[in-house]
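Biologist: I'm new to this one, so could you walk me through it? I'd like to ask how you know each thing you tell me.

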Amino acid sequence: MSEKVLLECKNLKKYFETPKGMLHAVDDVSFKIGEGKTLGVVGESGCGKSTLGRTILRLLPSTDGKIIFDGKDITDIKPKDMTALRRQMQIIFQDPFSSLDPKMTVYQIIEEPLCIHKVFKNKQERTERVAELMEIVGLDRRYFNTYPHELDGGRRQRIGIARALALNPKFIVCDEPVSALDVSIQAQILNLMMNLKDKLGLTYIFITHDLSVVKHISDDILVLYLGKMVEMTSSDSLFEDPLHPYTKALLSAIPIPDISHKGKEAEIMKGEVTSPIDPPEGCRFAARCPKATERCFKEMPEFIEVKEKHFVACHLYN
């Protein structure tokens, strides 16, 4: 029995108009996520990861393509219908400080979505729900009347997670939720999110630039470069057998915590990053690729399946 597809993107594009031309932030991205699965989205800063997540959630209007959520096309959904959809789709932001209102207490922040969507009849029911959410994410009830600036980064991010869970969503975009935290706190938050996924049956898009983080939480991984998909496969397959030169360079940069380790040297990417504003027709990684040929600069490679469920966009495999 095949798994149910909760989210599907078809040729999704998001362009921004600038004084110098059209910036291709997300360019022709297509994928599916099964219910209860996690898709990791990785790449360098500026590759379009966060823009992709926000476009899927309709926080940004798409330029072209389709977004299908739970079997329904939500690409051009009306604002009144979007309100109901917000209960199913949520986001955990990168910065746990700037994403929380400093004038609101922990209780008020978590209660706000319950008030907006009127899911409980009275204050007592909302208070019980807030207390339940705080317990789920590991926040003590004594923080009810505490303000975000009085807490450390880990507890602030737990508030953001509790707020995202308040309406029992099916799908959450996790926009680099641990990158602003200390390493020891990162592990706690990652474990919490993995436990919540299993316990509540959540589906995630996990956006990060840290490949060592995405390996442990993702079922499948999508690698983006300047808005284009360059590789997508299962987490295990990507780490065991990366195909695209860009993916190989990213993986080689992961530090190995062993001073006696004598492995391959990191593949340093040289050359200038291609401008995302009206980019040339060829492969966008060609200027930095050690294996680039003349064809790479003239022709965009197709995103094809070269092994079972292992897709790559590179002329080396076409």
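Modeller: Sure, and keep in mind that this is a predicted model. Let's begin with a crossing: helix 3 and helix 4 cross in the right-handed sense.

Biologist: How are helix 3 and helix 4 placed when they pack, and at what angle?

Modeller: Helix 3 (residues 106–117) and helix 4 (residues 123–136) make an angle of about 120°, and their axes are 10 Å apart.

Biologist: Which residues in helix 3 and helix 4 meet?

Modeller: Contact here means heavy atoms within 4.5 Å. From helix 3, the residues include Tyr107, Ile110 and Leu114, and from helix 4 they include Val130, Leu133 and Met134. Sorted by class, this contact has eight nonpolar, one polar and four charged residues.

Biologist: On to the sheets. What makes strand 6 and strand 11 stand at the edges?

Modeller: Look at the strand order in the open sheet of eight: 6-7-8-3-9-10-12-11, with mixed pairing. Strand 6 (89–92) and strand 11 (303–307) each have a single partner strand, so one side of each has no neighbour in the sheet. On average, neighbouring strands in this sheet are turned by 20° against each other, ignoring direction.

Biologist: How do you know that strand 3 and strand 8 are joined?

Modeller: Two strands pair if there are at least two bridges between them. Strand 3 (residues 38–42) and strand 8 (residues 203–208) have five bridges and run parallel, so by that cut-off they count as a pair. Within strand 8, threonine 208 is the residue opposite valine 42.

Biologist: And what joins strand 10 to strand 12?

Modeller: Two bridges, with strand 10 (residues 228–234) and strand 12 (residues 310–313) running antiparallel. The cut-off is at least two, so this pair qualifies. Methionine 232 sits opposite phenylalanine 311 of strand 12.

Biologist: How many bridges join strand 11 to strand 12?

Modeller: Four, again antiparallel. One of the partnerships is phenylalanine 303 with alanine 313 in strand 12. The hairpin of these strands has two residues between them, and lysine 309 there takes a positive phi near 55°.

Biologist: Why is helix 1 called largely enclosed?

Modeller: A residue is buried when its relative accessible area is under 20%. Six of the eight residues of helix 1 pass that test, so the rest of the structure largely encloses this helix. The buried ones are Lys49, Thr51, Leu52, Gly53, Thr55 and Ile56. Just past the helix, arginine 58 has a positive phi of about 65°.

Biologist: Which strands does helix 1 lie across?

Modeller: Helix 1 (residues 49–56) lies across strand 3, strand 6, strand 7, strand 8 and strand 9, at about 155° to strand 8. Helix 6 (residues 183–200) also packs on that sheet, touching strand 3, strand 6, strand 7 and strand 8, and makes about 160° with strand 8.

Biologist: What is the strand order in the open sheet of four?

Modeller: The order is 2-1-4-5, with antiparallel pairing. Strand 2 (21–34) and strand 5 (72–73) are its edge strands, pairing on one side only. Helix 1 packs on this sheet as well, touching strand 1, strand 2 and strand 4, at about 115° to strand 1.

Biologist: What does UniProt list for residues 7–251?

Modeller: An unreviewed UniProt entry gives "domain: ABC transporter" for that span. In the model, residues 7–251 are 38% helix and 27% strand, and their end C-alpha atoms lie 27 Å apart.

Definitions and conventions
Residues are numbered from 1 along each chain as its sequence is written. This is a predicted model: local features need pLDDT of at least 70, side-chain atom pairs count only at pLDDT 80 or more; totals for chains, interfaces and linings use all residues. Side-chain values use heavy atoms; hydrogens and water are left out. Axes are lines fitted to C-alpha atoms, for helices over the stretch in contact, and angles run from 0 to 180 degrees between N-to-C directions. UniProt positions are given in the numbering used here, feature names are shortened, and annotations may be inferred rather than shown by experiment. Buried means under 20% relative accessible area, exposed over 50%, partly exposed in between (1.4 Å probe, protein chains only). A crossing is left-handed if the near helix is turned anticlockwise from the far one by less than a right angle, and right-handed if clockwise. Ala, Val, Leu, Ile, Met, Phe, Trp, Tyr, Cys and Pro count as nonpolar, Asp, Glu, Lys and Arg as charged, and the others, Gly among them, as polar.
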